[in-house]
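Here is a small set of exercises to work through with the model open beside you. Try each task before you read its solution.

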Amino acid sequence: MTSLNRPADPGLLSINTATVRQRWGLAEIIDGCARHEIRGISPWRDQVKALGLKEAAQAIRANELVVTGYCRGGMFPVSSEADAPAVRDDNRRAVDEACELGAQCLVLVVGGLPGGSKNLDDARRQVRDGIAELLDYAGSQKMPLAIEPLHPMYAADRACVNTMAHANDLCDELGSGLGIALDLYHTWWDPDLMEQIERAGKERLLAFHICDWLVPTRDLLLDRGMMGDGVIDIRKWRHAVERVGYVGFHEVEIFSSETWWKKDPNEVLATCKARHIECC
Ligand code: ZN
């Protein structure tokens, strides 16, 4: 087998809890990961809140899971200055929670246009300023921040950082403590992706998210595919991140209201394990 066909190390599989969140709470997901011998987990704030931060941290530690990211901070742009302190405080709490959970990074979904606005330049300026401010706090807590560029179809409502190049530019500008969560679902189409992975390098690549792009995609948010069911050459991109020195986890993040969210989560986790080896 040539090195380019070498399958992924099963020990590097991580489950983003969104993948099985419809039918399991966080306690069940932690337990499920342990039973399926999946070593990484990336929980969402609402699930942590529902279980309790201390309880979540304790359960994760007891099962020796690696928290490959905490979802999520961000949502920086606001329509009125008066709303900014609440966003800032909430993001600081997200940093604190990420620390308590021992997360490798806090993932930032940076936010899109604030309500009523058509000013994308201003939204992007607010994102830059918001990250700069949060970086001071996160740095003092030693929690790395990972910008997750989202597919351009989310520029209005979720994230106005849509390419690896833009995320790399922000890292250049804002400096240490800031990196990137590379999600192939959002970035696979980008003709500059290889070059931007090389530009990011080992230092900036803080997380690697995987799933697949289905053809056709029936829903903008909730129709992501299991690895192998779509058109992303996941193994090629895993080799690309490894070539620049990335040695972290491969985090499966599947929002799938009509397919995977309807299945028994045990079957979903077993499929993630099998497809990780087969396709990643
Ligand atoms: Zn992601």
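Helices (H or I, at least four residues) and strands (E, at least two) are DSSP runs, numbered from the N terminus. With that naming, Lys 118 lies in the loop between S5 and H5. Please keep in mind that this is a predicted model.

**Exercise 1. Work out the order of the strands in the sheet, and find its edges.**

Solution.
- Step 1: Trace the pairing across the sheet. The 9 strands give the order S3-S2-S1-S9-S8-S7-S6-S5-S4, in an open sheet with parallel pairing.
- Step 2: Look for strands that pair on one side only. These edge strands are S3 (66-67) and S4 (70-74).
- Step 3: Check the pairing at the S3 end. Strand S2 (residues 40-42) and S3 pair in the parallel sense over 2 bridges, and Ile 41 has Val 67 in S3 as its bridge partner.
- Step 4: Repeat this for S6 and S7. These two strands pair in the parallel sense over 3 bridges, with Leu 145 standing opposite Leu 178 in S7.

**Exercise 2. Find which strands helix H5 and helix H6 touch, and how the two helices are directed.**

Solution.
- Step 1: Begin with H5 (residues 120-140). Packing on the sheet, H5 touches strand S5 (106-109), strand S6 (145-147) and strand S7 (178-183). The direction of H5 makes about 155° with that of S6.
- Step 2: Go on to H6 (residues 164-174). This helix also packs on the sheet, where H6 touches S6, S7 and strand S8 (205-210). Its direction makes about 170° with that of S7.
- Step 3: Ask how covered S7 is. This strand is mostly covered, with 6 of its 6 residues buried.

**Exercise 3. Describe how H6 packs against helix H8.**

Solution.
- Step 1: Choose the descriptors. Two packed helices are described by the angle between their axes and the distance between the axes.
- Step 2: Apply them. The axes of H6 and H8 (residues 193-204) come within 9 Å and cross at roughly 35°.
- Step 3: Add the handedness. The crossing of H6 and H8 is left-handed.
- Step 4: List the residues that meet. On the H6 side they are Met 164, Ala 165, Asn 168, Asp 169, Cys 171 and Asp 172, and on the H8 side Leu 193, Gln 196, Ile 197, Arg 199, Ala 200 and Arg 204.

**Exercise 4. Identify the protein donors of the zinc ion, and decide how their arrangement is classed.**

Solution.
- Step 1: Collect the donors. They are Glu 148 (OE), Asp 183 (OD), His 209 (ND1) and Glu 253 (OE), at 2.0 to 2.2 Å from the zinc ion.
- Step 2: Read their spacing along the chain, which is E-x34-D-x25-H-x43-E.
- Step 3: Place one pair. Asp 183 is in strand S7 and Glu 253 in the loop between strand S9 (250-252) and helix H10 (265-279), so this pair, 70 residues apart, links distant parts of the chain.
- Step 4: Test the angles. Four donors count as tetrahedral if all angles lie between 85 and 135 degrees. The 4 donor atoms around the zinc ion subtend angles of 88 to 146°, so the arrangement is irregular.
- Step 5: Check burial, for which the cut-off is under 20% relative accessible area. Asp 183 is buried at 0%, and Glu 253 is buried at 4%.

**Exercise 5. Is Thr 19 buried or exposed, and which residues is it in contact with?**

Solution.
- Step 1: Locate Thr 19, which is in the loop between strand S1 (13-16) and helix H1 (26-35).
- Step 2: Read its accessibility. With a relative accessible area of 0%, Thr 19 is buried.
- Step 3: Leave aside neighbours within four places in sequence. Thr 19 is then in contact with Val 252, Glu 253, Ile 254, Trp 261, Val 268 and Cys 272.

**Exercise 6. Search the backbone for cis peptide bonds and for positive phi at residues that are not glycine.**

Solution.
- Step 1: Scan omega. The bond from Cys 71 to Arg 72 is cis, with omega near -10°, and Arg 72 is found in strand S4. A cis bond also joins Val 215 and Pro 216, with omega about -5°; Pro 216 lies in the loop between S8 and helix H9 (234-243).
- Step 2: Scan phi. Glu 37 has a positive phi of about 55° and sits in the loop between H1 and S2. Lys 142 has a positive phi of about 60° and sits in the loop between H5 and S6.
- Step 3: Compare with accessibility. Glu 37 is exposed at 58%, and Lys 142 counts as exposed at 73%.

Note on methods: Residues numbered from 1 in each chain as written. Predicted model: local features only at pLDDT ≥ 70, side-chain atom pairs only at ≥ 80, totals over all residues. Heavy atoms only, no water. Pairing = 2+ DSSP bridges. Contact = heavy atoms within 4.5 Å. Axes fitted to C-alpha atoms, helices over the stretch in contact; angles between N-to-C directions. Donors = N, O, S within 2.8 Å, 3.2 Å for Na, K, Ca; no water. Tetrahedral: all angles 85-135°; square planar, octahedral: opposite > 155°, others 65-115°. Buried < 20%, exposed > 50% of the residue type's maximum accessible area, 1.4 Å probe, protein only. Left-handed = near helix turned anticlockwise from the far one by under 90°.
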